[in-house]
Amino acid sequence: MNDFTNSTDLLETLFDELSDSVEAHFGNNIDQLSIADTIKRASSIQGVVYPLNVEVIKDIVKIANTYNLVLHPVSTGKNWGYGCAIPPTECDGRISIIVNLSKLNEIVYFDAELGLIELQPGVTQGQLYKFLQDRNTDFLVPVTGAGPDCSILGNALEKGYGITPISDHFQSIISINAVLPNGEEYKSPMSEILEEKGYRAAYKWGIGPYSDGLFCQSNYGIVTSATITLARRTPEVMSFYFWLPESESLESIVNSVRNILSIPSLGVGGINIINSTRTITMNSTLASLRNNRNTNPLDPNEIEKYASVHNIKSWFGFGAIYGTKDSVKSAKKFIKKQLSPNTVKILFINKAKLSFLQSAVSYLPKVCSENVTTLLEKMGKGLSMMAGKPDEVALPLAYWRARNPPPDENLNPARDKCGLLWYAPIVSMSGKDCDRYVKMVTDICNVYGFDAPITLTSISPFAFDSTLPILFSASSTTESEQAIACYKALYEAGLRNGFVPYRIGSGQVQLFNERQLSAHKLTRNIKSSIDPNHIISPGRYV
């Protein structure tokens, strides 16, 4: 290595022979967008390589082992709010490169009868939606709020979730193909046995220890494809919305949500409950109000003023029912009975009702019709997402404190220097615990000068995941440092109060690693055995 003037010369020489199979950028030639993040922090990335086929990944791994390089595999690098493509550590001076898998975007296999589909990591929500639409299938894309340009597998491998019927996206993975750090191939055991005879696995767990789980939130290899199950489109999709009275705490409504989710036959997907601050920050038309202010965060009087003008309640919830016309009608009755005692309004809406309301708006006075039109437009996008169509409707949230408003389309929080850092703890589906959690995060965010836009998303009848975005300007070092301090305070207070994150961004993962949990001994022993040179993302959970 000493024969080369610098690391760029070395990397260009090493990857020159792979030029037909790898698109590579080193040193000053790195596209800055490929290493942009939604928080301002240092990065020692010296190269970004894009494999153009699966086979070349073995060559990349071999080069890394031979020359002591560090590889940071990412799907599309759009892991907004969790570190994007930036690695967790500076790798002790070793040459560090990102392996961006976005050009591995092939849909390898599709079973139109069973709804099994094998995807490479570069396949996005938008691409899968087009694929399914072009074939006139009746399957849903497992959408998330990240938008159409984000990876399906990247989200699933990070234990992501959504609000369509298969809400747990790692749960949907049937089998995995990967390249291990030692250059060996990995295939899920049942899948490997069946594929030798020309068949496909349709069962997740396989035989023996469940080894596929090693590739979830880990650095045990580079996943090259995975087979997932798709939820089938039902004859009827009906969304429902409910609003809490101003004086009402979460406790009563949480108990009602738990009762609804405890009956699988109702066909209810995930249910979201969001506070007024979250509703305000998601409204791009209000971003100018935020940007023109000098004080931070929004005080209760301001929240009340904005909420009053835009008819926003302190807490608002929504979900969807999937099924036949008769089953949805029956579920609607039960849901209404559960929610009515603790809400000021419940609205059920399907495609036909939405169309009717949109046509009726023209008969309203102009001052009313504008607000109603905006509300129906958002409900329409929400209904489409619940029916499996990816959308950017949730992304304006990231622009709340950005220096510029969101563009009309093609939103990219990292490119646009939005400050976004997600705190995502699990909160038990207990009303008392939810009230404790809301008070904790609101108090801490106020101390550090940030708003507390809270969402509680059901992941089972037993627990919510709460996504709390810390919003700021990523172009400001001061605000970025304050955001990191706020996250650390939330993380530590959460552990004391029983709220543990299900997911941690690459820049904060050391907080998890510092605890030296009993599981760490096992996971690190496995890591050392298959990756003795620690070439794959050192410090990424393991």
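**Notebook: strands, a sheet and the cysteines**

I began with strand E16 and found a hairpin that joins E16 to E17 through 4 residues. The model I am reading is a predicted one.

**Entry 1: E16 and its partners**

I looked up the pairing within the hairpin. E16 and strand E17, which covers residues 463-473, pair in the antiparallel sense over 4 bridges. For one facing pair I noted Ser 458, which stands opposite Phe 464 in E17.

I then turned to strand E11, residues 272-275. Its link to E16 is made by 3 bridges, and the two strands run antiparallel. Here Ile 274 stands opposite Thr 455 in E16.

Next I asked myself: are the faces of strand E16 covered or not? Both faces of E16 (residues 455-458) are covered. On one side I found Thr 455 and Thr 457, on the other Leu 456 and Ser 458, and all of these are buried. Thr 455, the residue opposite Ile 274, is thus listed among the buried ones, and so is Ser 458, the residue opposite Phe 464.

**Entry 2: the sheet of 5 strands**

I moved on to an open sheet of 5 strands. I wrote down its order as E5-E6-E9-E7-E8, with antiparallel pairing. Which strands are at the edges? They are strand E5 (107-111) and strand E8 (185-187), and each of them pairs on one side only. I also noted the twist, which averages 10 degrees from one strand to the next.

A helix packs on this sheet: H3, residues 125-134, touches E5 and strand E6 (116-119). I recorded the direction of H3 as making about 45 degrees with that of E5.

Within the sheet I checked strand E7 (residues 173-179) against strand E9 (residues 222-229). The two run antiparallel and are joined by 6 bridges. One facing pair is Ile 173 and Ile 228, the latter in E9.

**Entry 3: the cysteines**

Last, I looked for disulfides. A disulfide is a covalent bond between the sulfur atoms of two cysteines. I took 2.5 Å as the cut-off between the sulfur atoms, and the count came to 0 disulfides.

Why does Cys 150 have no bond? The closest cysteine sulfur to that of Cys 150 is in Cys 84, and at 9.2 Å it is too far for a bond. Cys 150 is buried, with a relative accessible area of 6%.

I did the check for Cys 216 as well. Its sulfur is 18 Å from the closest cysteine sulfur, in Cys 150, so this distance is too far for a bond. Cys 216 is buried, and I noted its relative accessible area as 10%.

How values were computed:
Residues numbered from 1 in each chain as written. Predicted model: local features only at pLDDT ≥ 70, side-chain atom pairs only at ≥ 80, totals over all residues. Heavy atoms only, no water. Buried < 20%, exposed > 50% of the residue type's maximum accessible area, 1.4 Å probe, protein only. Pairing = 2+ DSSP bridges. Axes fitted to C-alpha atoms, helices over the stretch in contact; angles between N-to-C directions. Contact = heavy atoms within 4.5 Å.
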